[in-house]
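Reader: I am new to this structure. Could you take me through it, one question at a time?

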Amino acid sequence: MTAPFTVTAPSGARVPLVLDSPHSGAEYPEDFRSAIPVASLRQAEDSYVDELYASGPGLGATLITARFPRSYIDPNRSLLDIDASLMDAPWPGPAIPSRKTELGIGLIWRILDSGEPIYARKLSVDEVKQRIVRYHQPYQRAVKDALDAARDHFGAVWHINCHSMPALSGRISEEGPGKPRADFVLGDRDGTTCEPEFTALVAEALRAMGYQVKINDPYKGVELVRAFSDPKDRRHSLQVEVNRRLYMDERTREKSAGFGDLRRDIDRLLEKVAQYAAQHGSHACRDGHEHRHQHHGHDHAHGSSHNDGHGHHDDHEHPGDPHHGHDHSHGHDHEH
């Protein structure tokens with residue numbers, strides 16, 4: 001099996017910035033066995049988001065992109081988000097369904113945003129476990145490894161969790177159907193996942209380019225920003241949603257004339273973010289002291305790109321505990 005994600009290591013001078021696109025995957029596994037065609041399932045994709053952020057590695061960031069679709073299993077959910085109504089037998093591990101699970105879009109989606117059911121069958125415990133072990137956990141481990149490596153090297157890390165959103169809210173959204181969305185929505189879970197200066201930097205950069213930006217409305221951020229952030233430990237995570245009407249036709253899923261302009265603007269945003277990370281990061285040296293270190297002209301990348309899929313076969317024994325110690329508390333947020 002090929003790796004369920006791609007890691008693109010920095011090609012420019014490395015900075016403590018990690019970008020991840022968990023929902024742009026479009027490789028549909030043969031064992032999906034959905035009741036609806038792939039063309040319908042594609043509604044759930046954050047199409048082209050990986051391309052929108054492709055300049056990141058050239059600016060020194062690590063870019064991680066999922067190759068599998070979120071409708072198969074969602075890497076931006078906790079393993080506790082088990083939908084019992086989808087299962088043909090009781091789940092053997094811990095399960096604490098979140099509000100997203102109640103809406104039908106938990107760890108494994110039951111319905112699309114349109115309300116259309118994805119399956120005409122029940123899923124076995126074993127196939128859910130296999131999706132977790134082969135897809136969900138390797139992706140989350142890849143993000144965690146990249147964040148840990150940057151934090152260990154620089155003494156701090158900034159993380160952007162990259163998404164797109166429909167132009168209008170759907171049937172299962174918290175705000176009700178048909179509500180128009182802003183150009184960008186930034187989510188820091190009400191200021192708990194990153195320093196306020198970082199959220200403000202991104203918001204102000206986008207507004208200066210003429211975009212309408214909202215913060216934590218309606219998306220606050222979900223598992224990947226929650227589980228791996230700790231601002232007190234200089235681990236900062238921000239979810240960024242971009243409105244699909246800016247760059248694609250949501251009906252045909254083709255790129256629109258606006259794609260190039262948006263990508264150039266996101267390039268400009270990433271330049272500011274990379275510069276911020278370089279200036280505010282510090283290099284943890286062997287003497288135990290942290291020194292401000294911008295890495296001008298030097299690539300300090302260490303180790304491999306971690307693109308081997310991170311087998312971790314022992315995880316199969318712990319289907320409800322991917323991070324071994326991470327808090328899996330859930331808020332009833334308006335999340336992606």
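**Helix H5 and strand E3**

Reader: Which residues of H5 are buried?
Author: This is a predicted model. Buried here means under 20% relative accessible area. In H5, the residues that fall in this class are Phe198, Thr199, Val202, Ala203, Ala205 and Leu206.

Reader: Why are the buried residues on the same side of H5?
Author: Look at their directions around the axis of H5. The buried residues sit on the same side because they cover an arc of only 160°.

Reader: Which exposed residues does the opposite face of H5 carry?
Author: Turn away from the buried side of H5. Exposed means over 50% relative accessible area. The residues on that face in this class are Pro196, Glu204 and Ala208.

Reader: What do the buried residues of H5 pack against?
Author: Their partners include both strands and a helix. The strands are E4 (157-165), E5 (184-187), E6 (213-215) and E7 (235-243). The helix is H7 (259-280).

Reader: What should the 13 residues of H5 span, at 1.5 Å a residue?
Author: H5 covers residues 196-208. The expected span uses one less than the number of residues. The end C-alpha atoms of H5 agree with the expected value, so both come to 18 Å.

Reader: What phi does Gly210 take, just after H5?
Author: Gly210 follows the end of H5. Its phi is positive, at about 95°.

Reader: How many residues of strand E3 are buried?
Author: E3 runs over residues 62-66 and is mostly covered. Thr62, Ile64 and Ala66 point one way, and they are buried. Leu63 and Thr65 point the other way and are buried too. The count is 5 of 5.

Reader: Why do side chains alternate in a regular strand?
Author: They take turns between the two faces of the sheet. In E3, one way point Thr62, Ile64 and Ala66, and the other way point Leu63 and Thr65.

Reader: Which strand runs antiparallel to E3, and which runs parallel?
Author: Strand E1 (residues 5-8) is joined to E3 by 4 bridges, and Thr6 stands opposite Thr65. That pair is antiparallel. Strand E2 (residues 17-21) also has 4 bridges to E3, with Asp20 partnered by Ile64. So by DSSP bridges, which need at least two for a pair, the antiparallel strand is E1 and the parallel one is E2.

Reader: What share of the residues in the protein is buried?
Author: The protein has 7 helices and 9 strands. Its chain holds 336 residues. The buried share is 57%.

Key: Residues are numbered from 1 along each chain as its sequence is written. This is a predicted model: local features need pLDDT of at least 70, side-chain atom pairs count only at pLDDT 80 or more; totals for chains, interfaces and linings use all residues. Side-chain values use heavy atoms; hydrogens and water are left out. Helices (H or I, at least four residues) and strands (E, at least two) are DSSP runs, numbered from the N terminus. Buried means under 20% relative accessible area, exposed over 50%, partly exposed in between (1.4 Å probe, protein chains only). The arc is that of the directions from the helix axis to the C-beta atoms. Contact means heavy atoms within 4.5 Å.
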